Amino acid sequence: MEQALIIPNSRETYFIPVSQILYIKADGDYINIYLTNNDPIQIRREKGNDGKTEISTIKYELQLAIQLGNIDKIIEKSSNKIRKHLVRIDRSYIINIDYIFKINLTESNIYLMDPSNRIYPLRISRERLTELKKKLEK
């Protein structure tokens with residue numbers, strides 16, 4: 001079974017396949033999860049305490065009412081396989097390092113590429129990018 005990032009909140013629990021997560025961006029008290037492909041994917045959600053599971057089909061992006069810091073804590077408590085792929089690189093972003101295309105220290109950008117070869121530039125501090133680059137080159 002594929003590894004999934006499990007995100008619970010008060011009424012629902014989301015099971016999002018890690019391979020489908022391109023990056024997660026903070027948006028105040030919300031997060032936006034950007035997905036890797038053009039094809040809709042199905043997300044299993046467990047609703048409430050009654051244990052019923054609902055299947056939703058989403059495309060590209062999912063917005064949830066949870067702070068990025070809480071997602072970071074969920075990832076820290078997850079399996080090594082999940083922690084190995086999803087890395088917090090600054091205050092606003094958690095990325096899936098499998099989709100890194102290029103790190104440009106001069107521009108302070110990291111570029112992610114999804115399976116359909118679309119490029120996503122993210123502006124990150126040079127210091128954080130330098131740390132990430134060193135870590136990845138080991």
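Is Asp114 buried or exposed? Asp114 is buried, with a relative accessible area of 2%, and its place in a salt bridge with Arg118 is taken up in one of the legends below, which describe close-up views of a predicted model.

**Figure 1. The five-stranded sheet and the helix that lies across it.** An open sheet of 5 strands, with antiparallel pairing, has the order S7-S4-S3-S9-S8. Strands S7 and S8 form the edges, each pairing on one side only, and the twist from one strand to the next averages 15°. Within this sheet, strand S3 is joined by 3 bridges to strand S9 (residues 93–96), the two strands running antiparallel, and the bridge partner that Lys25 finds in S9 is Tyr93. Helix H1 lies across S3, S4, S8 and S9, and runs at about 40° to S9.

**Figure 2. Surroundings of Asn32 in strand S4.** Asn32, a residue of strand S4, has a relative accessible area of 7% and is therefore buried. The side chain of Asn32 makes a polar contact of 3.1 Å with the side chain of Gln63. When neighbours within four places in sequence are left aside, the residues in contact with Asn32 are Tyr23, Ile24, Lys25 and Asp27, together with Glu61, Leu62 and Gln63.

**Figure 3. The largest nonpolar core, with Ile71 in close-up.** The largest nonpolar core has 20 residues, of which Leu5, Ile7, Ile24, Ile33 and Ile71 touch the most other members. Two or more residues are given to this core by each of strand S1 (4–8), strand S2 (12–17), strand S3 (21–27), strand S4 (30–35), strand S7 (61–64) and helix H1, and the largest share, 4 residues, comes from H1. Not counting residues up to four places away in sequence, Ile71 touches Ile7, Ile24, Ile31, Ile66 and Ile94. Another core, of 15 residues, lies apart from this one and has Ile89, Tyr99, Ile124 and Leu132 among its members. As general background, nonpolar side chains tend to be buried together in soluble globular proteins.

**Figure 4. The three-stranded sheet and helix H3.** A second view of strand pairing shows an open sheet of 3 strands in the order S10-S11-S12, with antiparallel pairing. Its edge strands are S10 (100–104) and S12 (119–123), each of which pairs on one side only, and the twist averages 20° from one strand to the next. Strand S10 is joined by 4 bridges to strand S11 (residues 109–113), and these two strands run antiparallel; Ile103 stands opposite Ile110 in S11. Helix H3 (residues 126–137) packs on this sheet, where the helix touches S10 and S11, and the direction of H3 makes about 130° with that of S10.

**Figure 5. Salt bridge between Arg88 and Asp72.** A search of the whole structure finds 3 salt bridges, and in one of them the side chains of Arg88 and Asp72 meet with an N to O distance of 3.7 Å. This pair links distant parts of the chain, since Arg88 belongs to strand S8 (residues 86–88) and Asp72 to helix H1 (residues 68–77), with their positions 16 residues apart in sequence. Arg88 has 29% relative accessibility and so counts as partly exposed, whereas Asp72, at 18% relative accessibility, counts as buried because the cut-off for that class is under 20%.

**Figure 6. Salt bridge between Arg118 and Asp114.** The side chains of Arg118 and Asp114 meet in a salt bridge at 2.9 Å, N to O. Arg118 has 31% relative accessibility and counts as partly exposed, while Asp114 is buried, with a relative accessible area of 2%. In general terms, side chains of opposite charge can pair when their charged atoms come close.

**Figure 7. Salt bridge between Lys133 and Glu137 within helix H3.** Lys133 and Glu137 both lie in helix H3, 4 residues apart, which is about one turn of the helix. Their side chains meet in a salt bridge with an N to O distance of 3.0 Å. Lys133, at 29% relative accessibility, counts as partly exposed, whereas Glu137 has a relative accessible area of 55% and is exposed, the cut-off for that class being over 50%.

Conventions. Residues are numbered from 1 along each chain as its sequence is written. This is a predicted model: local features need pLDDT of at least 70, side-chain atom pairs count only at pLDDT 80 or more; totals for chains, interfaces and linings use all residues. Side-chain values use heavy atoms; hydrogens and water are left out. Two strands pair if DSSP finds at least two bridges between them. Axes are lines fitted to C-alpha atoms, for helices over the stretch in contact, and angles run from 0 to 180 degrees between N-to-C directions. Contact means heavy atoms within 4.5 Å. A salt bridge is a side-chain nitrogen of Lys or Arg within 4 Å of a carboxyl oxygen of Asp or Glu. Buried means under 20% relative accessible area, exposed over 50%, partly exposed in between (1.4 Å probe, protein chains only). A nonpolar core is a set of buried Ala, Val, Leu, Ile, Met, Phe, Trp, Tyr and Cys residues joined through side-chain atoms within 4.5 Å. A polar contact is a pair of N or O atoms within 3.5 Å; within protein, one must be able to donate a hydrogen and the other to accept it, and residues adjacent in sequence count only if both atoms are side-chain atoms.
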